[in-house]
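Visitor: I should like to take a close look at a single part of this protein chain. Please treat the boundary between its domains in one connected account.

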Amino acid sequence: MPEWVQDAVWWHVYPLGFVGAERELPADGAVTPRLGRLTGWLDYAVELGANGLALGPVFAASTHGYDTVDHLRIDPRLGTDADFDALVAAAHDRGLKVLLDGVFNHVGREHPAFRAVLEQGPTAPTAGWFRLRWPGGPDAEPEYDTFEGHGQLVALDHSSPAVADWVTEVMTHWLDRGADGWRLDAAYAVPTSFWATVLPRVRERHPDAYVVGEVIHGDYARVVTESGMDAVTQYELWKAVWSSLNDGNLHELTHALGRHDGFLDTFAPLTFVGNHDVTRIASRLTEPAHLPHALAVLFTVGGTPSVYAGDEQAFTGVKEDRAGGDDAVRPPFPGTPEELAPYGWPTYRLHQELIGVRRRHRWLHRARTTP
């Protein structure tokens, strides 16, 4: 793990929601670049105590950003390459590292590599990128593997050397442009052997890049060891924090902390009590008075903490399993921090205090916990 990660505290932003971007790219392509709005919030993040900006998807996509159609172009709903460069420069000027969200398990149906398959059939140069079947013959649309049944998300074939070369190119390109690391979306769905092939090649050029994989269930330590990632997301602890507080069952938290200590023998997990994929912690907790307790766990156990933008203001929002069900946890933010409602600032100040504790005790990054 790069040395700088010991001091990292991420402020995690879902850009398309944060800036109020259109749900889809308009047919006429007429959009207003908005990525620059984030620059006005960087001082707010620094004052919070963060020294890292973890961005959700910023690359050209059809809708929510995880159906990428061009990994080498900034989504027009956000802006241009120049807007991205300006944001990275502004973040670095303030001492903020920048983490990008890489969707390399699948692509959107409109990705040129898959469009070529639909137009040219099995002879398309990129047909080997995907796991395809042709029951209707070469002139019919193929069957293909998807991400968790979503037809708009076409799974890649990670045994293909061409896919490994392409992912290496994308990751290296944006690190060359100033990014400091990657979150690997749906890393749990990609063979660890794929990352073990790609990541050493990326680190030849960028040895200080931080790479964290999204892993929900499974053997976290094995995934880290076999893949070469620096860390994975600590969903076990996330669940135990709110569940144990709601149920009054601190034995669950004790068990999770014991497993967490075991993970720390191998790696420092990415810890969180909220992100863009889950119900806000202020909504998840039955008793609002338990929010400070959840934050105390986040900021005093080992790992690399991440704060999902808005949680530091006690934003509420419930994720629902339906189309548009993420909207409540991915809302637009006002133009400036001064426009935030007044009732969230006590929670912001609590974050500042707890992050301050962590700053004064750097050893907390690898701390073990005794219940």
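Which residues does the UniProt annotation "domain: Glycosyl hydrolase family 13 catalytic" cover?

Guide: According to the unreviewed UniProt entry, that annotation covers residues 12-358; UniProt positions are given in the numbering used here, and annotations may be inferred rather than shown by experiment. The model is a predicted one, in which local features need pLDDT of at least 70 and side-chain atom pairs count only at pLDDT 80 or more, while totals for chains, interfaces and linings use all residues. Residues are numbered from 1 along each chain as its sequence is written, and side-chain values use heavy atoms, with hydrogens and water left out.

Over residues 12-358 the chain is 37% helix and 16% strand (DSSP runs, H or I of at least four residues for helices and E of at least two for strands, numbered from the N terminus), with the end C-alpha atoms 18 Å apart.

The domain assignment, automatic or from a database, gives domain 1 (3-103 + 158-366) and domain 2 (106-155). Their contact (heavy atoms within 4.5 Å) takes 17 residues from domain 1 and 12 residues from domain 2. The centres of the two domains, taken over C-alpha atoms, are separated by 30 Å.

Between them, domain 1 and domain 2 bury about 1,000 Å² (accessible area, 1.4 Å probe, lost on being put together and summed over both), 61% of it on carbon and sulfur atoms. The rule for salt bridges (a side-chain nitrogen of Lys or Arg within 4 Å of a carboxyl oxygen of Asp or Glu) finds 0 across this interface. On the side of domain 1 that touches domain 2, β4 (68-74) and α5 (161-176) each supply at least two residues. β4 gives the most to that side, with 4 residues.

Methods. Buried area = accessible area lost by both parts, 1.4 Å probe.
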